[in-house]
Amino acid sequence: MSTYIYGIVAGPHPDLPERMDGVGAPPLPVRILRCGELAALVSDVPADLRPGRRDLEAHHGVLSEAGAPGAVLPMRFGSLAPDDEAVLAILAQRADHYAERLRALDSRVEYNVKVSHNERAVLHQVLGENPELRAMVEANQLLRGGSYEQKLDLGEKVAATVRAREASDADHVRRALEATTEAVHAEPAGSGWLTDLSFLVHRDAAGGFLCAVDELRVDQPHLDLRVRGPLPPYSFAEPGTAEPAG
């Protein structure tokens, strides 16, 4: 058997509810390994574990339960150690680092916001704001679509204008939401979204953050905002992964 690691908490963290099942088939109970001022939330799993969707839900469930009474430093889904002794050795070796992260993330949660364009709405908006493009469209319509070269020229100009709008909208979303947050982590470009941002939010400020999301949806109806949270602060578990908000 191997030891699956869900997260790290401070040593005085309350015990978990009795018989909280973790990942694996069959799932085994989650337990606490204590080492000085720290503790790890773990469970036994087969060495050849191949985590699936049910395991992902169990992983999140353990962290949500553990994070309710106090700070929890989440480990990435699928984190394994050979045995309990290896986990305790890591806790001892990185005690100062984990203690600092727990202090920094105490009472904080993560919200992930993925943004895309409503293609029809943004095209309508781009044409409405750009007289040159609108004139080209109208001219092509009079010519029953125009020549191949005219269609190609129009398509390239529309695509370039939309790309520029994507960049400005991504910046606008970030500026509109980061005022109520403490740090921002952006996923690399090319993730398939206009922008993919994770925000570190104090629990007391979560209501203000969600209100800012709702206001953005009203003010920018051409944007599709998908919000997940509150989540354990995965994107902020290591220092240096995020920028201070504002």
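## Helices, rings and odd backbone spots

Tyr-111 has a relative accessibility of 4%, so this tyrosine counts as buried. Keep in mind that what you're looking at is a predicted model.

Tyr-111 has company: with Phe-209 it makes a tilted aromatic pair. That pair ties together distant parts of the chain, since Tyr-111 belongs to strand S6 and Phe-209 to helix H7 (residues 206-219), 98 residues apart. Phe-209 is buried because its relative accessible area is 0%. Add Phe-199 and you get a cluster, with ring pairs linking Tyr-111, Phe-199 and Phe-209.

How many aromatic pairs does the structure hold? The count is three. Two of them are set out here.

| Aromatic pair | Centre to centre | Angle between planes | Class |
|---|---|---|---|
| Tyr-4 and Tyr-6 | 4.7 Å | 55° | tilted |
| Tyr-111 and Phe-209 | 5.1 Å | 35° | tilted |

Why do both count as tilted? Stacked would need planes under 30 degrees apart and edge-to-face over 60, so the rest fall in the tilted class. Tyr-4 and Tyr-6 are both buried, by the way.

Now for the helices, starting with H2, which covers residues 84-93. Its buried residues are Asp-84, Val-87 and Leu-91. Looking down the axis of H2, you'd find them within an arc of 60°, so they line one face of the helix. Glu-85 and Gln-93 sit on the other side of H2 and are exposed. What do the buried residues of H2 pack against? The list is strand S1 (2-10), strand S2 (31-35), strand S3 (38-45), strand S5 (80-81) and helix H3 (95-105). There's a cap as well: at the N-terminal end of H2, a side-chain oxygen of Asp-83 lies 3.2 Å from the backbone nitrogen of Glu-85.

H3 can be read in a similar way. The residues buried in H3 are His-97, Tyr-98, Arg-101, Leu-102 and Leu-105. Around the axis they cover an arc of only 130°, so they end up on the same side of H3. The face turned away from that buried side carries Asp-96 and Arg-103, both exposed. As for what covers the buried residues of H3, it includes S1, S3, strand S4 (72-74), H2, S6 and strand S8 (195-202).

Right after H3 comes a backbone oddity: Ser-107 takes a positive phi of about 65°. This serine lies in the loop between H3 and strand S6 (108-117). Is Ser-107 buried, exposed or partly exposed? Its relative accessibility is 30%, so it counts as partly exposed. For context, most residues other than glycine have a negative phi, and most peptide bonds are trans.

On the peptide-bond side, there are cis cases to look at. The bond from Ala-25 to Pro-26 is cis, with omega near 0°, and Pro-26 is placed in the loop between S1 and S2. Gly-229 and Pro-230 are also joined by a cis peptide bond, with omega about 5°. Where does Pro-230 lie? It's in strand S9, residues 223-231.

Finally, the cysteines. With a disulfide taken as a pair of cysteine sulfur atoms within 2.5 Å, the count comes to zero disulfides. Cys-35 counts as partly exposed because its relative accessibility is 23%. Cys-211 is partly exposed too, at 44% relative accessibility.

Definitions and conventions. Residues numbered from 1 in each chain as written. Predicted model: local features only at pLDDT ≥ 70, side-chain atom pairs only at ≥ 80, totals over all residues. Heavy atoms only, no water. Buried < 20%, exposed > 50% of the residue type's maximum accessible area, 1.4 Å probe, protein only. Helix = DSSP H or I, 4+ residues; strand = E, 2+ residues; numbered from the N terminus. Arc of directions from axis to C-beta. Contact = heavy atoms within 4.5 Å. Polar contact = N/O pair within 3.5 Å; in protein donor to acceptor, adjacent residues only side chain to side chain. Phe/Tyr/Trp six-rings, centres within 6.5 Å; stacked < 30°, edge-to-face > 60°.
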